[in-house]
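Colleague: I should like to learn how to read a structure of this kind, one feature at a time. Might we begin with a single residue and then proceed to sheets and helices?

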Amino acid sequence: MDIVQQLLDALGPECVKTSEQASQRMASNWVNAQNLQCRALLLPQTTAEVSTALQLCHAANQPIVPHGGLTNVVGGVQTQPHEIALSLERMNTIEAIDVVNQTATVQAGVVLQQLQIQLNAAGLFFPLDLGAKGSCMIGGNISTNAGGLQALRYGVTRNLVLGLEVVLADGTIISSMNHLLKNNAGYDLKHLFIGAEGTLGIITRAVLKLEALPLSRNTAYIALNSFDQACEFLSFAKKTLGHTLTTYELLWQDYYRLMTSPPARYAPPLPQDHAYYVLLETAGYHPENDQRLFQDTLEKAFEAGLIADACLAQSQQELDWFWGIREQVDFIFSVHQPVFLFDVSLPISTMETYTQEIRRGLQHVWPEVFLYVFGHMGDGNLHLFVSCGQNDHATWHQVEEIVFGPLTAIGGSITAEHGVGLEKKEWLHLSRNPAEIALMRQLKSALDPHGILNPGKIF
(Lines give C-alpha, C1' and ligand atoms only; values in the text may rest on other atoms or scores of the structure.)
Protein backbone atom coordinates (compact mmCIF):
# COMPACT_ATOMS: atom_id res chain seq x y z
CA MET A 1 0.00 0.00 0.00
CA ASP A 2 1.23 3.52 -0.78
CA ILE A 3 2.80 5.25 2.23
CA VAL A 4 0.53 8.28 1.90
CA GLN A 5 -2.52 6.04 2.03
CA GLN A 6 -1.08 4.22 5.06
CA LEU A 7 -0.65 7.56 6.81
CA LEU A 8 -4.18 8.64 5.87
CA ASP A 9 -5.61 5.38 7.23
CA ALA A 10 -3.66 5.70 10.47
CA LEU A 11 -3.93 9.44 11.12
CA GLY A 12 -6.84 10.79 9.09
CA PRO A 13 -7.23 13.70 6.68
CA GLU A 14 -6.87 16.38 9.40
CA CYS A 15 -3.30 15.22 9.91
CA VAL A 16 -2.36 14.12 6.40
CA LYS A 17 -2.53 16.52 3.47
CA THR A 18 -1.94 15.43 -0.10
CA SER A 19 0.77 16.84 -2.33
CA GLU A 20 -1.85 18.99 -4.08
CA GLN A 21 -3.04 20.44 -0.77
CA ALA A 22 0.53 20.99 0.41
CA SER A 23 1.40 22.86 -2.78
CA GLN A 24 -0.81 25.74 -1.63
CA ARG A 25 1.69 26.54 1.12
CA MET A 26 4.97 28.46 1.00
CA ALA A 27 8.13 26.38 1.06
CA SER A 28 10.00 28.97 3.14
CA ASN A 29 9.34 32.19 5.06
CA TRP A 30 12.82 33.49 4.31
CA VAL A 31 13.65 34.41 0.71
CA ASN A 32 12.27 31.42 -1.19
CA ALA A 33 8.98 32.44 -2.78
CA GLN A 34 8.25 28.98 -4.16
CA ASN A 35 5.39 26.80 -2.98
CA LEU A 36 5.95 23.57 -1.10
CA GLN A 37 6.54 20.52 -3.25
CA CYS A 38 6.34 17.25 -1.33
CA ARG A 39 4.78 13.80 -1.42
CA ALA A 40 2.50 14.70 1.50
CA LEU A 41 2.33 17.11 4.42
CA LEU A 42 1.78 15.82 7.96
CA LEU A 43 0.23 18.07 10.62
CA PRO A 44 0.32 16.01 13.83
CA GLN A 45 -1.29 17.34 17.00
CA THR A 46 0.27 14.93 19.50
CA THR A 47 3.56 13.15 20.12
CA ALA A 48 1.73 9.86 19.59
CA GLU A 49 0.77 10.96 16.07
CA VAL A 50 4.38 11.91 15.31
CA SER A 51 5.43 8.48 16.57
CA THR A 52 2.90 6.69 14.36
CA ALA A 53 3.97 8.69 11.32
CA LEU A 54 7.66 7.96 11.85
CA GLN A 55 7.03 4.29 12.52
CA LEU A 56 5.25 3.95 9.17
CA CYS A 57 7.84 6.04 7.28
CA HIS A 58 10.69 4.07 8.84
CA ALA A 59 9.17 0.78 7.71
CA ALA A 60 8.70 2.16 4.19
CA ASN A 61 12.12 3.88 3.99
CA GLN A 62 10.21 7.11 3.34
CA PRO A 63 12.27 10.32 3.77
CA ILE A 64 10.66 12.91 6.02
CA VAL A 65 11.59 16.58 6.58
CA PRO A 66 10.55 18.30 9.83
CA HIS A 67 9.16 21.85 9.48
CA GLY A 68 8.85 24.57 12.10
CA GLY A 69 8.41 28.27 11.38
CA LEU A 70 10.25 27.94 8.04
CA THR A 71 12.67 30.78 8.84
CA ASN A 72 15.79 28.66 8.25
CA VAL A 73 18.29 30.39 5.94
CA VAL A 74 20.63 27.50 5.01
CA GLY A 75 18.24 25.10 3.29
CA GLY A 76 17.59 23.12 6.45
CA VAL A 77 13.90 22.65 5.65
CA GLN A 78 14.23 22.28 1.88
CA THR A 79 11.89 19.49 0.82
CA GLN A 80 12.04 17.42 -2.36
CA PRO A 81 8.92 16.20 -4.22
CA HIS A 82 9.54 12.59 -3.11
CA GLU A 83 9.88 13.57 0.57
CA ILE A 84 7.16 13.98 3.19
CA ALA A 85 7.06 17.23 5.16
CA LEU A 86 6.07 17.11 8.84
CA SER A 87 5.05 20.43 10.38
CA LEU A 88 4.79 20.88 14.15
CA GLU A 89 2.52 23.94 13.82
CA ARG A 90 -0.52 22.26 15.42
CA MET A 91 1.54 21.24 18.46
CA ASN A 92 1.46 24.80 19.78
CA THR A 93 0.38 24.49 23.42
CA ILE A 94 2.19 26.11 26.32
CA GLU A 95 1.49 23.27 28.72
CA ALA A 96 2.75 24.72 31.99
CA ILE A 97 4.50 27.75 33.44
CA ASP A 98 6.16 27.04 36.79
CA VAL A 99 6.69 30.39 38.50
CA VAL A 100 8.48 28.99 41.56
CA ASN A 101 10.96 26.79 39.68
CA GLN A 102 11.10 29.18 36.70
CA THR A 103 10.46 26.65 33.95
CA ALA A 104 8.06 26.42 31.01
CA THR A 105 6.84 23.18 29.46
CA VAL A 106 5.93 23.74 25.81
CA GLN A 107 5.16 21.88 22.63
CA ALA A 108 7.55 22.26 19.72
CA GLY A 109 5.18 24.34 17.58
CA VAL A 110 4.89 27.22 20.02
CA VAL A 111 5.94 30.48 18.35
CA LEU A 112 8.76 32.18 20.26
CA GLN A 113 7.09 35.59 20.50
CA GLN A 114 3.82 34.09 21.76
CA LEU A 115 5.73 32.32 24.51
CA GLN A 116 7.49 35.56 25.45
CA ILE A 117 4.18 37.46 25.66
CA GLN A 118 2.56 34.86 27.90
CA LEU A 119 5.61 34.60 30.15
CA ASN A 120 5.90 38.36 30.52
CA ALA A 121 2.34 38.47 31.85
CA ALA A 122 3.48 36.06 34.55
CA GLY A 123 6.55 38.16 35.40
CA LEU A 124 8.91 35.71 33.70
CA PHE A 125 11.24 35.87 30.75
CA PHE A 126 12.66 33.41 28.19
CA PRO A 127 15.96 34.99 27.11
CA LEU A 128 16.11 33.72 23.52
CA ASP A 129 15.54 36.70 21.23
CA LEU A 130 15.99 36.90 17.46
CA GLY A 131 14.62 38.80 14.51
CA ALA A 132 12.33 35.95 13.39
CA LYS A 133 10.65 35.61 16.80
CA GLY A 134 7.22 36.39 15.34
CA SER A 135 7.21 33.22 13.24
CA CYS A 136 10.00 30.88 14.40
CA MET A 137 8.99 27.96 16.62
CA ILE A 138 10.59 26.57 19.75
CA GLY A 139 11.26 23.18 18.16
CA GLY A 140 13.13 24.84 15.31
CA ASN A 141 15.03 27.08 17.73
CA ILE A 142 16.18 24.00 19.61
CA SER A 143 16.97 21.88 16.57
CA THR A 144 19.20 24.66 15.20
CA ASN A 145 20.58 25.78 18.59
CA ALA A 146 19.54 29.36 17.87
CA GLY A 147 21.76 32.11 19.25
CA GLY A 148 20.23 35.54 18.93
CA LEU A 149 20.63 38.95 20.45
CA GLN A 150 21.18 38.16 24.14
CA ALA A 151 23.57 35.20 23.98
CA LEU A 152 26.31 37.38 25.50
CA ARG A 153 24.50 37.23 28.83
CA TYR A 154 22.26 34.15 28.73
CA GLY A 155 23.99 31.85 26.28
CA VAL A 156 22.53 30.13 23.21
CA THR A 157 19.48 27.85 23.13
CA ARG A 158 21.53 24.91 24.41
CA ASN A 159 21.97 26.79 27.69
CA LEU A 160 18.22 27.40 28.02
CA VAL A 161 16.86 23.86 27.61
CA LEU A 162 16.42 21.57 30.63
CA GLY A 163 14.53 18.66 29.07
CA LEU A 164 13.24 17.33 25.76
CA GLU A 165 10.80 14.86 24.32
CA VAL A 166 11.97 13.48 20.99
CA VAL A 167 10.62 10.91 18.55
CA LEU A 168 13.30 8.80 16.90
CA ALA A 169 13.28 7.67 13.28
CA ASP A 170 11.59 4.36 14.09
CA GLY A 171 8.85 6.02 16.14
CA THR A 172 10.41 5.42 19.56
CA ILE A 173 9.50 8.20 21.98
CA ILE A 174 12.34 9.41 24.19
CA SER A 175 10.75 11.44 26.97
CA SER A 176 13.51 13.13 28.91
CA MET A 177 11.46 16.03 30.26
CA ASN A 178 13.91 16.95 32.99
CA HIS A 179 12.96 19.97 35.12
CA LEU A 180 16.14 20.07 37.20
CA LEU A 181 19.03 22.48 36.82
CA LYS A 182 21.39 19.76 38.04
CA ASN A 183 21.01 16.15 36.94
CA ASN A 184 24.17 14.10 36.53
CA ALA A 185 22.48 10.70 36.16
CA GLY A 186 24.23 9.38 33.08
CA TYR A 187 24.28 10.83 29.57
CA ASP A 188 22.45 14.11 29.05
CA LEU A 189 20.60 12.86 25.97
CA LYS A 190 18.97 16.18 25.06
CA HIS A 191 22.27 17.50 23.76
CA LEU A 192 22.23 14.92 20.97
CA PHE A 193 19.23 16.64 19.46
CA ILE A 194 19.93 20.31 20.18
CA GLY A 195 21.55 21.68 17.04
CA ALA A 196 21.10 18.41 15.09
CA GLU A 197 18.75 20.11 12.60
CA GLY A 198 16.18 17.32 12.78
CA THR A 199 18.56 14.66 11.47
CA LEU A 200 18.56 12.48 14.62
CA GLY A 201 14.99 12.83 15.86
CA ILE A 202 11.98 15.12 15.85
CA ILE A 203 11.59 17.33 18.93
CA THR A 204 7.98 17.42 20.13
CA ARG A 205 8.10 18.99 23.61
CA ALA A 206 10.61 20.86 25.78
CA VAL A 207 11.24 22.14 29.27
CA LEU A 208 12.77 25.60 29.12
CA LYS A 209 14.77 27.53 31.68
CA LEU A 210 13.31 30.94 32.53
CA GLU A 211 14.45 34.13 34.25
CA ALA A 212 12.59 36.76 36.23
CA LEU A 213 11.35 39.52 33.92
CA PRO A 214 13.83 42.43 34.02
CA LEU A 215 12.49 45.71 35.39
CA SER A 216 14.88 48.02 33.57
CA ARG A 217 16.18 48.35 30.03
CA ASN A 218 18.80 50.82 28.89
CA THR A 219 19.86 51.12 25.27
CA ALA A 220 22.32 53.31 23.38
CA TYR A 221 24.15 53.65 20.10
CA ILE A 222 27.88 54.21 20.49
CA ALA A 223 30.16 55.61 17.79
CA LEU A 224 33.72 54.29 17.57
CA ASN A 225 36.65 55.37 15.44
CA SER A 226 38.56 52.09 15.35
CA PHE A 227 38.21 48.38 15.97
CA ASP A 228 40.65 48.69 18.86
CA GLN A 229 38.13 51.01 20.49
CA ALA A 230 35.41 48.41 19.96
CA CYS A 231 37.51 45.81 21.79
CA GLU A 232 38.54 48.15 24.59
CA PHE A 233 35.01 49.39 25.13
CA LEU A 234 33.65 45.82 25.20
CA SER A 235 36.12 44.93 27.94
CA PHE A 236 35.26 48.11 29.85
CA ALA A 237 31.52 47.52 29.50
CA LYS A 238 31.82 43.96 30.80
CA LYS A 239 33.69 45.14 33.87
CA THR A 240 31.54 48.14 34.70
CA LEU A 241 28.09 46.90 33.70
CA GLY A 242 28.65 43.37 34.94
CA HIS A 243 25.72 40.97 34.85
CA THR A 244 23.35 43.65 33.48
CA LEU A 245 25.07 43.68 30.07
CA THR A 246 22.90 41.75 27.60
CA THR A 247 23.80 43.03 24.15
CA TYR A 248 26.91 44.29 22.37
CA GLU A 249 26.08 44.48 18.66
CA LEU A 250 28.79 45.85 16.36
CA LEU A 251 27.88 47.51 13.05
CA TRP A 252 30.45 48.32 10.40
CA GLN A 253 30.10 51.77 8.80
CA ASP A 254 28.79 50.44 5.45
CA TYR A 255 25.89 48.67 7.12
CA TYR A 256 25.04 51.57 9.43
CA ARG A 257 25.10 54.02 6.53
CA LEU A 258 22.89 51.79 4.36
CA MET A 259 20.31 51.36 7.12
CA THR A 260 20.17 55.08 7.97
CA SER A 261 20.04 56.59 4.47
CA PRO A 262 17.07 56.97 2.10
CA PRO A 263 15.16 54.95 1.09
CA ALA A 264 15.71 53.25 4.47
CA ARG A 265 13.05 53.93 7.12
CA TYR A 266 15.48 55.16 9.76
CA ALA A 267 17.42 58.37 10.32
CA PRO A 268 20.92 58.07 11.81
CA PRO A 269 20.95 58.51 15.62
CA LEU A 270 24.65 59.40 15.28
CA PRO A 271 26.63 60.89 12.34
CA GLN A 272 27.52 58.39 9.62
CA ASP A 273 31.25 59.16 9.43
CA HIS A 274 32.49 56.82 12.18
CA ALA A 275 34.19 53.51 11.44
CA TYR A 276 32.03 51.39 13.77
CA TYR A 277 28.85 51.58 15.82
CA VAL A 278 27.78 49.57 18.85
CA LEU A 279 24.21 48.92 19.91
CA LEU A 280 24.60 48.51 23.65
CA GLU A 281 21.87 47.28 25.95
CA THR A 282 21.48 46.31 29.60
CA ALA A 283 18.65 44.77 31.58
CA GLY A 284 18.31 44.63 35.34
CA TYR A 285 16.11 44.70 38.39
CA HIS A 286 16.95 48.09 39.93
CA PRO A 287 15.72 50.74 37.45
CA GLU A 288 17.21 53.86 39.03
CA ASN A 289 20.55 52.26 39.84
CA ASP A 290 20.72 50.54 36.46
CA GLN A 291 20.08 53.78 34.57
CA ARG A 292 22.66 55.64 36.64
CA LEU A 293 25.25 52.90 36.10
CA PHE A 294 24.55 52.87 32.35
CA GLN A 295 24.95 56.63 31.98
CA ASP A 296 28.03 56.71 34.21
CA THR A 297 29.62 53.95 32.14
CA LEU A 298 29.15 55.91 28.92
CA GLU A 299 30.45 59.14 30.47
CA LYS A 300 33.56 57.45 31.84
CA ALA A 301 34.17 55.69 28.53
CA PHE A 302 33.94 59.02 26.68
CA GLU A 303 36.28 60.73 29.12
CA ALA A 304 38.77 57.88 28.76
CA GLY A 305 38.69 58.12 24.97
CA LEU A 306 37.14 54.67 24.56
CA ILE A 307 34.17 55.95 22.55
CA ALA A 308 33.68 58.86 20.15
CA ASP A 309 29.98 59.60 20.72
CA ALA A 310 26.80 58.14 22.19
CA CYS A 311 23.04 58.50 21.89
CA LEU A 312 20.63 57.01 24.47
CA ALA A 313 17.12 55.78 23.70
CA GLN A 314 14.74 57.90 25.78
CA SER A 315 11.40 56.41 24.73
CA GLN A 316 9.81 53.29 23.30
CA GLN A 317 9.73 55.01 19.91
CA GLU A 318 13.47 55.60 20.03
CA LEU A 319 14.03 52.06 21.27
CA ASP A 320 12.15 50.69 18.26
CA TRP A 321 14.15 53.05 16.01
CA PHE A 322 17.49 51.88 17.41
CA TRP A 323 16.64 48.20 17.12
CA GLY A 324 15.09 48.66 13.69
CA ILE A 325 18.45 49.75 12.33
CA ARG A 326 19.99 46.53 13.57
CA GLU A 327 17.17 44.06 12.89
CA GLN A 328 15.49 45.08 9.62
CA VAL A 329 18.04 43.21 7.51
CA ASP A 330 15.42 42.43 4.87
CA PHE A 331 16.01 45.98 3.62
CA ILE A 332 19.30 44.82 2.10
CA PHE A 333 17.37 42.55 -0.27
CA SER A 334 15.30 45.49 -1.50
CA VAL A 335 18.47 47.40 -2.42
CA HIS A 336 20.64 44.60 -3.82
CA GLN A 337 19.98 41.41 -5.75
CA PRO A 338 21.28 38.81 -5.43
CA VAL A 339 22.54 38.77 -1.82
CA PHE A 340 24.57 35.97 -0.23
CA LEU A 341 24.15 35.66 3.53
CA PHE A 342 26.73 34.27 5.96
CA ASP A 343 27.02 33.91 9.71
CA VAL A 344 30.47 33.05 10.99
CA SER A 345 32.00 32.60 14.41
CA LEU A 346 35.56 33.65 15.17
CA PRO A 347 37.77 35.03 17.93
CA ILE A 348 37.00 38.69 18.59
CA SER A 349 40.66 39.61 18.18
CA THR A 350 40.62 38.42 14.55
CA MET A 351 37.45 40.16 13.37
CA GLU A 352 39.05 43.24 11.85
CA THR A 353 41.80 41.44 9.93
CA TYR A 354 39.33 38.74 8.80
CA THR A 355 36.83 41.23 7.37
CA GLN A 356 39.64 43.18 5.69
CA GLU A 357 40.95 39.98 4.10
CA ILE A 358 37.60 38.88 2.70
CA ARG A 359 36.84 42.41 1.47
CA ARG A 360 40.12 42.41 -0.46
CA GLY A 361 39.39 38.94 -1.82
CA LEU A 362 35.91 39.91 -2.98
CA GLN A 363 37.04 43.20 -4.54
CA HIS A 364 39.82 41.43 -6.41
CA VAL A 365 37.20 39.38 -8.29
CA TRP A 366 34.30 41.87 -8.27
CA PRO A 367 35.59 45.46 -7.90
CA GLU A 368 32.06 46.82 -7.39
CA VAL A 369 31.07 44.27 -4.73
CA PHE A 370 28.97 45.30 -1.72
CA LEU A 371 29.87 43.83 1.69
CA TYR A 372 27.82 44.60 4.80
CA VAL A 373 29.08 43.38 8.16
CA PHE A 374 27.41 43.44 11.57
CA GLY A 375 26.74 41.02 14.39
CA HIS A 376 26.99 39.83 17.93
CA MET A 377 30.56 40.93 18.65
CA GLY A 378 30.20 40.13 22.34
CA ASP A 379 29.90 36.41 21.60
CA GLY A 380 32.14 36.29 18.52
CA ASN A 381 29.45 36.05 15.82
CA LEU A 382 29.39 38.14 12.65
CA HIS A 383 26.79 38.30 9.87
CA LEU A 384 27.96 39.14 6.37
CA PHE A 385 25.82 40.10 3.37
CA VAL A 386 27.59 39.97 0.01
CA SER A 387 26.23 41.24 -3.30
CA CYS A 388 28.42 41.01 -6.39
CA GLY A 389 25.78 41.24 -9.13
CA GLN A 390 25.90 37.57 -10.14
CA ASN A 391 23.88 34.57 -8.93
CA ASP A 392 25.15 31.44 -10.70
CA HIS A 393 26.49 28.41 -8.86
CA ALA A 394 30.12 29.13 -9.75
CA THR A 395 29.84 32.66 -8.31
CA TRP A 396 28.16 31.42 -5.13
CA HIS A 397 30.94 28.84 -4.65
CA GLN A 398 33.66 31.42 -5.23
CA VAL A 399 32.12 33.83 -2.70
CA GLU A 400 31.89 31.00 -0.16
CA GLU A 401 35.52 30.11 -0.77
CA ILE A 402 36.60 33.69 -0.05
CA VAL A 403 34.41 33.99 3.07
CA PHE A 404 35.01 30.54 4.56
CA GLY A 405 38.62 29.96 3.50
CA PRO A 406 40.38 32.07 6.17
CA LEU A 407 38.33 30.68 9.09
CA THR A 408 40.26 27.47 9.70
CA ALA A 409 43.57 29.23 10.31
CA ILE A 410 42.04 31.55 12.92
CA GLY A 411 39.99 28.88 14.70
CA GLY A 412 36.64 30.11 13.36
CA SER A 413 33.48 28.33 12.30
CA ILE A 414 31.46 28.44 9.08
CA THR A 415 28.28 28.86 11.12
CA ALA A 416 27.66 30.46 14.48
CA GLU A 417 23.90 30.07 14.81
CA HIS A 418 22.17 29.35 11.48
CA GLY A 419 23.31 25.73 11.19
CA VAL A 420 24.69 23.75 8.25
CA GLY A 421 21.61 22.60 6.35
CA LEU A 422 22.24 22.06 2.65
CA GLU A 423 24.14 25.25 1.87
CA LYS A 424 27.14 24.79 4.14
CA LYS A 425 27.70 21.04 4.21
CA GLU A 426 30.33 21.27 1.46
CA TRP A 427 32.41 23.37 3.87
CA LEU A 428 31.85 21.38 7.07
CA HIS A 429 35.40 20.03 6.92
CA LEU A 430 36.72 23.55 7.56
CA SER A 431 35.15 23.57 11.03
CA ARG A 432 35.08 19.87 11.98
CA ASN A 433 37.97 17.41 11.67
CA PRO A 434 37.60 13.97 10.04
CA ALA A 435 37.24 12.17 13.38
CA GLU A 436 34.41 14.49 14.42
CA ILE A 437 32.58 14.06 11.11
CA ALA A 438 33.01 10.28 11.31
CA LEU A 439 31.47 10.25 14.79
CA MET A 440 28.57 12.40 13.56
CA ARG A 441 27.94 9.89 10.79
CA GLN A 442 28.12 7.04 13.31
CA LEU A 443 25.51 8.71 15.52
CA LYS A 444 23.29 9.33 12.49
CA SER A 445 23.58 5.69 11.45
CA ALA A 446 22.76 4.45 14.94
CA LEU A 447 19.70 6.63 15.48
CA ASP A 448 18.44 6.75 11.89
CA PRO A 449 19.71 3.60 10.14
CA HIS A 450 17.52 4.12 7.06
CA GLY A 451 18.53 7.78 6.76
CA ILE A 452 14.95 9.04 6.55
CA LEU A 453 15.20 12.09 8.85
CA ASN A 454 15.97 15.33 7.00
CA PRO A 455 18.16 13.49 4.50
CA GLY A 456 21.09 15.23 2.91
CA LYS A 457 21.36 17.91 5.57
CA ILE A 458 24.63 18.67 7.48
CA PHE A 459 26.76 16.04 5.64
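Colleague: Is Thr 260 buried or exposed?

Modeller: The test is relative accessibility, and a residue under 20% is called buried. Thr 260 has 4% relative accessibility, so it counts as buried. Please keep in mind throughout that this is a predicted model.

Colleague: Where is Thr 260 placed, and which residues does it touch?

Modeller: Thr 260 belongs to the loop that links helix 9 (253-259) with strand 14 (276-284). A polar atom of its side chain lies 2.6 Å from the backbone oxygen of Tyr 256. Beyond four places in sequence, Thr 260 touches Tyr 266, Ala 267, Pro 268, Pro 269, Gln 272 and Ile 325.

Colleague: How should one read a sheet?

Modeller: Strands of a sheet pair through backbone hydrogen bonds, in either the parallel or the antiparallel sense. One may then ask for the order of the strands and for the edges. In this structure, one open sheet has four strands in the order 1-2-4-3, with mixed pairing. Its edge strands, strand 1 (16-18) and strand 3 (64-67), each pair on one side only. On average, and with direction ignored, neighbouring strands here are turned by 25 degrees against each other.

Colleague: In what sense do strand 3 and strand 4 pair, and over how many bridges?

Modeller: Strand 3 and strand 4 (residues 84-87) pair in the parallel sense, over four bridges. To locate the pairing by eye, find Val 65, which stands opposite Ala 85 in strand 4.

Colleague: Which helices pack on this sheet?

Modeller: Helix 1 (residues 3-11) is one of them: it touches strand 1, strand 2 (40-42) and strand 4, and its direction makes about 145 degrees with that of strand 1. Helix 3 (residues 47-59) also packs on the sheet, where it touches strand 2, strand 3 and strand 4; its direction makes about 165 degrees with that of strand 4.

Colleague: How does one describe two helices that meet?

Modeller: Two packed helices are described by the angle between their axes and the distance between the axes. The axes of helix 1 and helix 3 cross at roughly 155 degrees and come within 10 Å. An angle over 145 degrees counts as roughly antiparallel, so helix 1 is roughly antiparallel to helix 3. The crossing of helix 1 past helix 3 is right-handed. Helix 1 contributes Ile 3, Gln 6, Leu 7, Ala 10 and Leu 11 to the contact, and helix 3 contributes Glu 49, Thr 52, Ala 53, Leu 56 and Cys 57.

Colleague: What do strand 5 and strand 6 form?

Modeller: They form a hairpin with four residues between them, and in the turn Gln 102 has a positive phi of about 55 degrees. Strand 5 (residues 94-98) and strand 6 (residues 103-107) run antiparallel and are joined by four bridges. Within this pair, Ile 94 stands opposite Val 106 in strand 6.

Colleague: What is the strand order in the sheet of seven strands?

Modeller: The order is 15-12-14-13-17-18-16; the sheet is open and its pairing is antiparallel. Strand 15 (309-312) and strand 16 (340-345) are the edge strands, each pairing on one side only. From one strand to the next, the twist averages 20 degrees. Within the sheet, strand 17 (residues 370-376) and strand 18 (residues 381-387) run antiparallel, joined by seven bridges. There, Tyr 372 stands opposite Phe 385 in strand 18.

Colleague: Which strands do helix 8 and helix 14 touch?

Modeller: Helix 8 (residues 227-241) packs on the sheet against strand 12 (216-224), strand 13 (245-252) and strand 14, with its direction at about 170 degrees to that of strand 13. Helix 14 (residues 393-404) packs on the sheet by touching strand 16 and strand 18, with its direction at about 20 degrees to that of strand 16.

Colleague: At what angle do helix 13 and helix 14 pack?

Modeller: Helix 13 (residues 351-365) and helix 14 pack at about 155 degrees, their axes being 9 Å apart. They are therefore roughly antiparallel to each other, and helix 13 passes helix 14 in a right-handed crossing. Tyr 354, Ile 358, Gly 361, Leu 362 and Val 365 of helix 13 meet Gln 398, Val 399, Ile 402 and Val 403 of helix 14.

Colleague: May we close with Leu 453: where does it lie, and is it buried or exposed?

Modeller: Leu 453 lies in the segment after helix 15 (434-447). Its relative accessibility is 0%, so Leu 453 counts as buried. Apart from neighbours within four places in sequence, its contacts include Leu 54, Ile 64, Ala 169 and Lys 444.

Note on methods:
Residues are numbered from 1 along each chain as its sequence is written. This is a predicted model: local features need pLDDT of at least 70, side-chain atom pairs count only at pLDDT 80 or more; totals for chains, interfaces and linings use all residues. Side-chain values use heavy atoms; hydrogens and water are left out. Helices (H or I, at least four residues) and strands (E, at least two) are DSSP runs, numbered from the N terminus. Buried means under 20% relative accessible area, exposed over 50%, partly exposed in between (1.4 Å probe, protein chains only). A polar contact is a pair of N or O atoms within 3.5 Å; within protein, one must be able to donate a hydrogen and the other to accept it, and residues adjacent in sequence count only if both atoms are side-chain atoms. Contact means heavy atoms within 4.5 Å. Two strands pair if DSSP finds at least two bridges between them. Axes are lines fitted to C-alpha atoms, for helices over the stretch in contact, and angles run from 0 to 180 degrees between N-to-C directions. Angles under 35 degrees count as roughly parallel, over 145 as roughly antiparallel, 65 to 115 as roughly perpendicular and the rest as oblique. A crossing is left-handed if the near helix is turned anticlockwise from the far one by less than a right angle, and right-handed if clockwise.
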